[in-house]
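This briefing is meant for a reader who is meeting the structure for the first time. Please keep the sequence and the model side by side while going through the points that follow.

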Amino acid sequence: MSCAAVWAPPSGLGRHPGTSSPLPVGKRQGRASYTFRACASGADADEGSGGIPLRMVLHDSLDAAGVATEHARAAREGFAKQIGRLTRLNAESSIAISRGADLARTALCIAAEDDSLVSHSSVPLPVDAFIARLDDLSTGFLAAGFLPPSGAPPEVFFDHLDRYLFGYKGFRRSNEMSDARAIYLHSALTCRSGSALMLSLIYSEMLKTLRLYGLLDFDEEISFPHDHNSLPRGYDKQKSKLSDEPNIMTSKSLLVEILQTLKGMFWPFQSNQSSSLFLNAVAANHDGPGNAGNSQARPHGNISAIEMAAAKAAQHRLMRGVWTNVRFGDMRRALAACERLVLLDHDPRELRDYAALLYHCAHYEECLQYLTSYQTATVFQPKSSPLEILEDDAVATLRARVSLILAEDGWTRRRHTASYWTKNSEPW
């Protein structure tokens, strides 16, 4: 990969001795800032030279609009620290091993930031309390008498674990596309219902704890389900087959899948389900940037007025902190997912997608910088498929449009950075 994510810790941000919780909000003396250093080559990234630090705008723009971001920043800080522990080796290790980053804490930091962005709560999501709930699941496996006799084969152990988690505890799989809560770990633990990603994460965390207790004397692996109904299952790694490899979820791929699901779920431009998110965002540009709330009605010519009103009402409830489904997405959480994907340094296309959202939020300079970084990172990657060619043309069109906007007489940096949030924010 040709880019490296950089996290800049705030000055004066400490932690209570012996705990992992951030200092109370009233005692915070600085704010975390996040940049992404776009490099021309991997060598540049390693040497820390030749890169352009690119700013991430979500939290700063919300601050400018008068929206409190203390808890969101603290959650992003926790996310950045965890992914900073993902070396190339442990990033590609199975979630059954889970070395480096604490995947459960990372997922809860994602949930905590998104919860802060939409809930308007004066208190943060209690990450440590949900970590303790995960630990209780493992101890409950022992206390409820589901631990098989010593020396039992791995198949018997996993049968007991499955009966405990999906039978006795009642965890079930739900569809994240019909219920956004299914993709958040704290909600899966509370409702005992979650996506295949969340159930696999819970399963792996239980195995990790039981291994720490010295109760596993074999190498375990988790089979991640790719259909719409199956549950994650553990099995003896020594008996694995070559055909099992596609069902192994790695630490980094788990985080990428979570964030890409969130990005797709909350993407504000869904006019063409057969097209890419990026092309949908560019197609909405004919109505001008900063008009996501108004422009999305136009592509849905066959939608009734009742459906449109219901979708907008759902969006208003969501912005008040009421968990619901919203047909037109959520710009805050879409931006947050894009920024975290950029920090994960997974795919240069995340730079491009983030730039498309920045355009609609009127952050033209940052949009141009991210588009430039994307083109630099993919300059030697041939575009062969029809979709890739369309996307490449759309990138050039968007870059030309942004360049014209920046070149206009009278355009200055004093243009309201909070304009999108003041126009498309809370309805009260």
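Glu113 counts as buried, with a relative accessibility of 0%, and its side chain meets that of Arg340 in a salt bridge in which N and O are 2.8 Å apart. Glu113 belongs to helix α5 (residues 103-119) and Arg340 to helix α14 (residues 331-344), so this pair ties together parts that are 227 residues apart in sequence. Arg340 is buried as well, its relative accessible area being 0%. The model in which this pair is seen is a predicted one.

**The protein as a whole**

- The protein has 428 residues, of which 51% count as buried, and its secondary structure comes to 18 helices and 7 strands.
- When contacts between residues at least 6 apart in sequence are considered, 67% of them join residues that are at least 24 apart.
- The accessible surface of the protein comes to about 19,400 Å², and 52% of this surface belongs to carbon and sulfur atoms.

**Salt bridges**

- Side chains of opposite charge can pair when their charged atoms come close. The structure holds 24 salt bridges, and the pair of Glu113 and Arg340 is one of them.
- Arg211 forms a salt bridge with Glu220, in which the closest N and O atoms are 2.3 Å apart. The two partners are not covered alike, because Arg211 counts as partly exposed at 29% relative accessibility, whereas Glu220 counts as buried at 7%.
- Salt bridges that share partners join Arg55, Asp60, Asp63, Arg73 and Glu366 into one network.
- Within this network, the side chains of Asp60 and Arg55 meet in a salt bridge with an N to O distance of 3.1 Å. Asp60 is partly exposed, with a relative accessible area of 35%, and Arg55 also counts as partly exposed, at 30% relative accessibility.

**Helices α6 and α9**

- Helix α6 covers residues 127-143, while helix α9 covers residues 196-212, and the axes of the two helices come within 9 Å and cross at roughly 65°. The crossing in which α6 passes α9 is right-handed.
- On the α6 side, Leu134, Asp135, Leu137, Ser138, Phe141 and Leu142 take part in the meeting of the two helices, and on the α9 side their counterparts are Ile202, Glu205, Met206, Thr209 and Leu210.
- Leu142, which lies in α6, is partly exposed, with a relative accessible area of 31%. Leu142 also helps to make a nonpolar surface patch of about 450 Å², together with Leu147, Leu212, Tyr213 and Leu215.
- Why can Leu142 be part of such a patch? Its relative accessible area is 31%, and residues in a patch need over 30%, so Leu142 passes this cut-off.

**Leu161 in helix α7**

- Leu161 lies in helix α7, which covers residues 154-168, and counts as buried at 0% relative accessibility.
- Leaving out residues up to four places away in sequence, Leu161 touches Phe141, Tyr203, Met206 and Leu207. Among these, Phe141 of α6 and Met206 of α9 also take part in the meeting of those two helices.
- Leu161 and Ser138 are 23 residues apart along the chain, and their C-alpha atoms are separated by 9.7 Å. Ser138 is one of the α6 residues that meet α9.

**Two buried arginines**

- Arg76 lies in helix α3, which covers residues 70-83, and counts as buried at 0% relative accessibility. From C-alpha to C-alpha, Arg76 and His59 are 9.8 Å apart in space, and in sequence they are 17 residues apart.
- Arg352 has its place in helix α15, which covers residues 349-360, and counts as buried at 4% relative accessibility.
- Which residues is Arg352 in contact with, leaving aside its neighbours within four places in sequence? Its contacts are with Phe278, Tyr374, Glu391 and Val395.

Note on methods
Residues are numbered from 1 along each chain as its sequence is written. This is a predicted model: local features need pLDDT of at least 70, side-chain atom pairs count only at pLDDT 80 or more; totals for chains, interfaces and linings use all residues. Side-chain values use heavy atoms; hydrogens and water are left out. Patches are made of residues with over 30% relative accessible area and no salt bridge: like charges are joined within 9 Å, nonpolar side chains (Val, Leu, Ile, Met, Phe, Trp, Tyr) within 5 Å. Accessible areas come from the Shrake-Rupley method with a 1.4 Å probe; for residues, only the protein chains shown count as cover. A salt bridge is a side-chain nitrogen of Lys or Arg within 4 Å of a carboxyl oxygen of Asp or Glu. Helices (H or I, at least four residues) and strands (E, at least two) are DSSP runs, numbered from the N terminus. Buried means under 20% relative accessible area, exposed over 50%, partly exposed in between (1.4 Å probe, protein chains only). Axes are lines fitted to C-alpha atoms, for helices over the stretch in contact, and angles run from 0 to 180 degrees between N-to-C directions. A crossing is left-handed if the near helix is turned anticlockwise from the far one by less than a right angle, and right-handed if clockwise. Contact means heavy atoms within 4.5 Å.
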